[in-house]
Amino acid sequence: MLGCTCCGLAALAWSSAARAVGTGRSDASAPVAPEPNKAPTSAARSAAGLGSADDWRARLLQGSRSLWLARGEAHVRSTYWTPDSGYDGEAYKEICWVLRDVQANKSFPISLRLLDVLCGLQNWFAYNGLRQPILVNSGYRTFSTNFRTEGAALNSQHLLGKAADIAVPGVPVARLAGMASLFGKGGIGMYVSQNFVHVDTGEERVWIK
Ligand SMILES: [Zn+2]
């Protein structure tokens, strides 16, 4: 099984310069949608670990927040948060479904902060003229799936719905990892030979494999 080792590897020093689907929905553990109108922009920014409105990262999340994700034949383009209405429960569930454990066919409430990190990355690429879906290799993992994933850490952030292994067509993994590291402030794993990047909202650390 292809999968990242998450926090199983010792973090490597990374210079600041370098940091420049299956089918069917699961009925079990369906994500509980966040309450609409309960997340003002400032609170959401804070939850995302972002700074003031002048922060370039905050600017990437201004306005409505959408994600365009692809996993196998499944595609979803969902606006999960708007300034006027807050979180959209149905859109959130769609996104959680794409990020589910496909082997166990089990969905899980994915970290809202992780969604904001992915949204910010996608907006940044779109700002630079690259409008592509984020390809999802892995999202939430049940303990059983994680245990069977080669090299996966037993305390993987995937178990908590706080990690995703992603790629973006046309974007080298080093560039994607560098941008994710700048934007996300969490864990970043660059898997060069496997051509994907692990992004999580855990402690800040970086590794390359
Ligand atoms: Zn991972």
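**Exercise 1. Pairing of β4 and β5**

In which sense do β4 and strand β5 pair, and over how many bridges?

*Solution.* Keep in mind that this is a predicted model.
- Step 1. Locate strand β5 at residues 163-167.
- Step 2. Read the direction. β4 and β5 pair in the antiparallel sense, over 3 bridges.
- Step 3. Pick out one residue pair. Val-136 has Ile-166 in β5 as its bridge partner.

**Exercise 2. Follow the sheet outward**

Find which strands pair with β4 on its β1 side, and with β7.

*Solution.*
- Step 1. Start with strand β1, residues 65-71. It pairs with strand β4, residues 134-138, in the parallel sense over 2 bridges. Here Ala-70 stands opposite Leu-135 of β4.
- Step 2. Go to β5. It runs antiparallel to β7, and 4 bridges join them. Ile-166 has Val-197 in β7 as its bridge partner.
- Step 3. Go to β6. It is antiparallel to β7 too, with 5 bridges between them. Met-190 stands opposite Val-197.
- Step 4. Look at the hairpin of β6 and β7. There are 4 residues between the strands, and Asn-195 takes a positive phi near 60 degrees.

**Exercise 3. The faces of β7**

Decide whether β7 is enclosed or open, and sort its residues by side.

*Solution.*
- Step 1. Recall a rule. In a regular strand, side chains alternate between the two faces of the sheet.
- Step 2. Sort the residues. Phe-196, His-198 and Asp-200 lie on one side. Val-197 and Val-199 lie on the other.
- Step 3. Check burial. Both faces of β7 are covered.
- Step 4. Conclude. Because 5 of its 5 residues are buried, β7 is largely enclosed by the rest of the structure.

**Exercise 4. Two covered helices**

Work out how many residues of α3 and of α6 are buried, and what packs against them.

*Solution.*
- Step 1. Take helix α3, residues 89-98. Here 7 of the 10 residues are buried, so the helix is largely enclosed by the rest of the structure.
- Step 2. Name some of them. The buried residues include Tyr-92, Glu-94, Ile-95 and Trp-97.
- Step 3. Find the cover of α3. It includes β1, β2 (74-82), β3 (86-87), α4 and β4.
- Step 4. Turn to helix α6, residues 173-184. Its span from first C-alpha to last is 15 Å, close to the 16 Å expected at 1.5 Å a residue.
- Step 5. Count again. Of the 12 residues in α6, 9 are buried. Among them are Leu-176, Met-179, Ala-180 and Phe-183.
- Step 6. Find the partners. The buried residues of α6 pack against α2 (56-59), α4, β6 (187-191), β7 (196-200) and β8 (205-208).
- Step 7. Look just past the helix. Lys-185 takes a positive phi of about 60 degrees.

**Exercise 5. The largest nonpolar core**

Which residues of the largest nonpolar core touch the most other members, and which helix gives the most to this core?

*Solution.*
- Step 1. Begin with a general point. In soluble globular proteins, nonpolar side chains tend to be buried together.
- Step 2. Read the core. It has 44 residues, and Ile-95, Leu-115, Leu-118, Ile-166, Ala-180 and Val-197 touch the most other members.
- Step 3. Find the main contributor. Helix α4, residues 112-127, gives the most, with 7 residues.
- Step 4. Zoom in on Leu-118. Leaving out residues up to four places away in sequence, Leu-118 touches Leu-67, Ile-134 and Ala-164.

**Exercise 6. The whole chain**

Count the helices and strands, and state what share of the residues is buried.

*Solution.*
- Step 1. Count. The protein chain has 6 helices and 8 strands.
- Step 2. Order them. From the N terminus the elements run α-α-β-β-β-α-α-β-α-β-α-β-β-β.
- Step 3. Give the share. Of the 209 residues in the chain, 44% are buried.

Notes: Residues numbered from 1 in each chain as written. Predicted model: local features only at pLDDT ≥ 70, side-chain atom pairs only at ≥ 80, totals over all residues. Core = buried A, V, L, I, M, F, W, Y, C linked by C-beta atoms within 7 Å. Buried ≥ 20, exposed ≤ 12 C-beta atoms within 10 Å, placed from the backbone. Contact = placed C-beta atoms within 7 Å. Expected span 1.5 Å × (residues − 1). Pairing = 2+ DSSP bridges.
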